[in-house]
Structures are given as C-alpha cells and as structure tokens.
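Reader: I'm new to protein structures and would love a close look at one part of this one. Please start with a single residue and its surroundings, then walk me through what else can be seen from there.

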Amino acid sequence: NADKAFGAKRRSKHNHYLTYPILFIMISNHFPSTYGATGEAVALGFTSVQWNWIVLAVLMGASAVVKWWMNARDPSAGVMLAVLGVCVALSVGGTVYGSMQKERELSFAPVATAGKPIEQSGHLVGVVRWSGDVPSPKEVTLAGGCELGHEGQLLVPAAIVADGKLAEAFVHIAAGVEGYALPAPPNTDVVIEQQGCLYVPRVATARVGQPVTFVNGDAVFHNVRAVASANETWSVNQPAQHQRDTKVFRMPEVMVQTRCDLHPWMVANIGVVAHPWSAVTSGDGRFVLEGVPAGEVVVEAWHEVGGKRSQKVTVPAGGEVSVELVFGGAP
C-alpha cells in the first residue's frame with residue numbers, strides 16, 4: 001500500500017507540473033507565432049519542425065518554474081516582480097526583434113542581374129491538360145465564422161478541370177535560361193487574400209525579391225505560416241480584417257506553401273523563380289511565356305496533386321512554339 005501511495009503521489013506531482021504545457025498544446029493552434037521558425041533558424045540549418053520541440057521544451061521548463069512558485073508557501077513580492085520583469089522583457093524584445101526582422105525582409109530587393117544579353121527571343125504558349133479521372137474534392141465543415149458566405153459544407157477541389165484542361169497549374173522555365181542578364185523584379189505586390197476562409201488565389205507566382213502581400217479579407221482570425229526548404233519559414237498572425245503583411249522570398253523555390261493553422265484546409269502555393277518566365281494556368285488551362293531566350297529550354301508544370309511534368313522545347317528566334325503538358329496519366 002505504501003508503494004502504491006508513493007507511486008500515485010509521484011504521478012500526481014508529474015501531472016501537476018504538466019498542467020500548463022498540456023493546456024498550451026491543446027490551444028496551440030491559436031498561437032501559431034510561438035512555433036514559426038525565424039530567418040536565423042533557417043540560416044543555421046534548422047527548419048520550423050526542428051524548432052517546435054525546442055519551443056515546447058522551453059515552455060515546459062518555464063511552466064514548471066511557475067508551478068513551483070505558485071506552490072511556495074510564502075512567495076515573496078521580489079520573486080513575483082522578477083517573473084513579471086522577465087515576461088515584460090521577453091515581450092518587448094520579441095516585438096523589437098519582429099520589427100527588425102520585418103524591416104530586414106522588406107529591405108531585400110535584388111537589382112537587375114548581370115550576364116549575357118538576350119539577343120534573340122520568342123514566345124512559348126501552351127496548355128496543361130488532365131487525363132483520366134479527376135480527384136474528388138475535399139469536404140470541409142465550416143464553423144467559427146467561416147460558414148458565413150457559404151451554404152452547408154465547403155468543397156475544396158483537388159484539381160480544377162474543365163473539358164480536360166487544368167487550371168491553377170504553375171508553369172515555369174526550369175532550365176535553359178541560365179547566365180542571361182535579367183531585369184529587376186517588379187515593385188508591384190503579388191497579393192494573396194483570405195476570402196471566405198480560402199486563399200485567393202490558391203496558386204501564385206513571384207520573382208525572387210518581389211513583395212508578396214497577404215491580406216485578411218475575413219472578419220475571422222487567420223494566420224499565415226510559410227512551409228519552405230530553400231527560403232525562410234515564418235508565421236504571422238492576422239487577427240484583424242483588412243490586415244496586410246508583406247514578405248519577400250530570397251531564393252528560387254518550387255513551391256513555397258503557405259497555410260493557416262487555425263483552418264487547416266486553407267493552403268496556397270507560391271512558385272518563386274529568379275527569372276520572369278513563369279505563369280499560372282487560367283481556367284482553360286492555357287499559359288503564355290513571352291520573351292523567352294531563343295534555343296532549347298525545359299518547361300515544367302507543377303500541380304498540387306498531380307506533381308510535376310516537364311518537356312524540352314526549342315524556342316525560335318522571333319517566333320512562337322507550342323507545348324502541351326498532361327497530368328493524371330503516366331509521367
């Protein structure tokens with residue numbers, strides 16, 4: 001009986017000190033900024049997933065200290081002030097660091113790159129098709145304000161196909177344009193808005209260094225978390241309607257995914273390229289790439305569920321070449 005009582009007491013003590021970490025884990029989706037990786041983390045070779053356990057470990061240790069202080073028979077005012085001072089310092093430091101990080105991100109704007117001039121160029125036009133059965137859309141039950149503007153369940157399409165033609169496929173020149181002088185990226189923002197608890201557009205393209213602005217068009221709390229490998233990962237909260245946050249991507253990457261952790265069906269994908277030859281297919285599956293350097297290039301299409309398809313083509317000087325890429329069948 002004594003051993004059982006000792007074991008029960010030990011388990012009770014463990015549960016007591018784990019109360020706050022468990023509560024945090026239960027509501028952590030409402031505080032995604034606590035586990036978004038910073039640029040410095042990526043620079044050191046860490047990803048957001050690798051940082052999550054460190055954040056949780058620190059919070060567990062801090063909550064254990066708080067529990068110990070609460071259990072003290074005679075907690076002094078000095079200890080309370082010290083704990084409060086540390087919390088305020090961390091809060092102010094985090095705010096200042098976040099502002100500096102944002103300024104650092106927005107100050108990154110590459111200029112035109114040096115290289116051999118493009119003396120001859122042509123146009124590349126094409127269509128992306130889907131062959132075979134189209135994947136079924138995902139059914140989402142909306143709540144918490146997301147149901148406004150929607151009737152019943154929301155159907156999130158896995159692939160948007162009309163007459164066999166695929167919309168929202170990202171197309172770019174994957175090879176064959178290295179070494180050319182390139183113009184600076186546009187100063188105009190690529191705007192991705194949250195509308196009806198969906199990202200609009202779901203697929204976008206941006207140049208390295210081009211501003212990408214995320215806008216909360218809903219009267220609902222959203223967050224934007226970037227999932228990337230070559231670029232920095234980050235997470236920003238957008239609790240206010242019409243809130244705007246601007247980011248830039250420093251490295252080419254196909255694709256950077258952005259997610260809302262509060263509404264897991266909300267996903268957008270951004271194709272980040274160093275050159276100007278990229279596009280997203282329209283509703284009829286078509287795309288146009290203008291001013292492509294003449295010669296042999298590799299054109300590649302990416303789709304969220306279809307994967308990648310690529311093809312070599314020769315762009316004629318002063319002319320036009322057509323290409324067709326097909327998803328859904330054999331690669």
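**A residue at the surface, and what lies beyond**

Author: Let's start with Ile-22, which has a relative accessible area of 44% and is therefore partly exposed. This is a predicted model, so please keep that in mind as we go. Ile-22 belongs to helix α2, which covers residues 19-27. On the surface, Ile-22 joins Leu-18 and Met-60 in a nonpolar patch, and together they offer about 230 Å² of accessible area.

Now step back for a moment. The chain holds five helices and 20 strands. Of its 331 residues, 37% are buried. Its accessible surface is about 17800 Å², with carbon and sulfur atoms providing 60% of that. If you take the contacts between residues at least 6 apart in sequence, 67% of them join residues at least 24 apart.

For a contrast with Ile-22, visit strand β10, where Thr-213 is found. Thr-213 has a relative accessible area of 1%, so this residue is buried. Setting aside neighbours within four places in sequence, the contacts of Thr-213 include Asp-189, Val-190, Val-191 and Ile-192. Arg-244, Asp-245 and Thr-246 are in contact with Thr-213 too.

Strand β10 also brings us to the aromatic rings. Rings count as a pair when their centres lie within 6.5 Å, and planes over 60 degrees apart make the pair edge-to-face. By this rule there are two aromatic pairs. In one of them, Phe-214 and Trp-234 have ring centres 5.7 Å apart and planes at 65°, so they meet edge-to-face. Phe-214 sits in β10 (residues 212-216), while Trp-234 sits in the loop between β11 (222-227) and β12 (235-238), so the pair ties together parts that are 20 residues apart in sequence. Phe-214 and Trp-234 are both buried. With Phe-249 they make up one aromatic cluster. Trp-234 has a charged partner as well: the charged end of Lys-247 sits over its ring, 4.9 Å from the centre. Elsewhere, Lys-116 places its charged end over the ring of Tyr-180, 4.6 Å from the centre.

Next come the salt bridges. Side chains of opposite charge can pair when their charged atoms come close. The whole structure has six salt bridges. One of them joins the side chains of Arg-129 and Glu-324, at 2.8 Å from N to O. This pair links distant parts of the chain, since Arg-129 is in strand β1 (residues 121-130) and Glu-324 is in strand β20 (residues 320-327), 195 residues apart. Arg-129 is partly exposed at 26% relative accessibility, and Glu-324 is partly exposed at 40%.

Asp-261 and Arg-225 form a salt bridge too, with their closest N and O atoms 2.9 Å apart. Here again distant parts are linked: Asp-261 is in the loop between β14 (253-259) and β15 (267-273), Arg-225 is in strand β11, and 36 residues separate them. Both of these residues are buried.

Our last stop is Gly-307, in strand β19 (residues 307-315). Its relative accessible area of 28% makes Gly-307 partly exposed. Not counting residues up to four places away in sequence, Gly-307 touches Ala-301, Trp-302 and Phe-327. Gly-307 and Gly-328 are 21 residues apart in sequence, and their C-alpha atoms are 9.2 Å apart in space.

How values were computed:
Residues numbered from 1 in each chain as written. Predicted model: local features only at pLDDT ≥ 70, side-chain atom pairs only at ≥ 80, totals over all residues. Heavy atoms only, no water. Phe/Tyr/Trp six-rings, centres within 6.5 Å; stacked < 30°, edge-to-face > 60°. Helix = DSSP H or I, 4+ residues; strand = E, 2+ residues; numbered from the N terminus. Buried < 20%, exposed > 50% of the residue type's maximum accessible area, 1.4 Å probe, protein only. Lys NZ or Arg CZ within 6 Å of the ring centre and 35° of its normal. Contact = heavy atoms within 4.5 Å. Areas by Shrake-Rupley, 256 points an atom, 1.4 Å probe, with all protein chains shown as cover. Patch = residues over 30% accessible without salt bridge, like charges linked within 9 Å, V, L, I, M, F, W, Y side chains within 5 Å. Salt bridge = Lys/Arg side-chain N within 4 Å of Asp/Glu carboxyl O.
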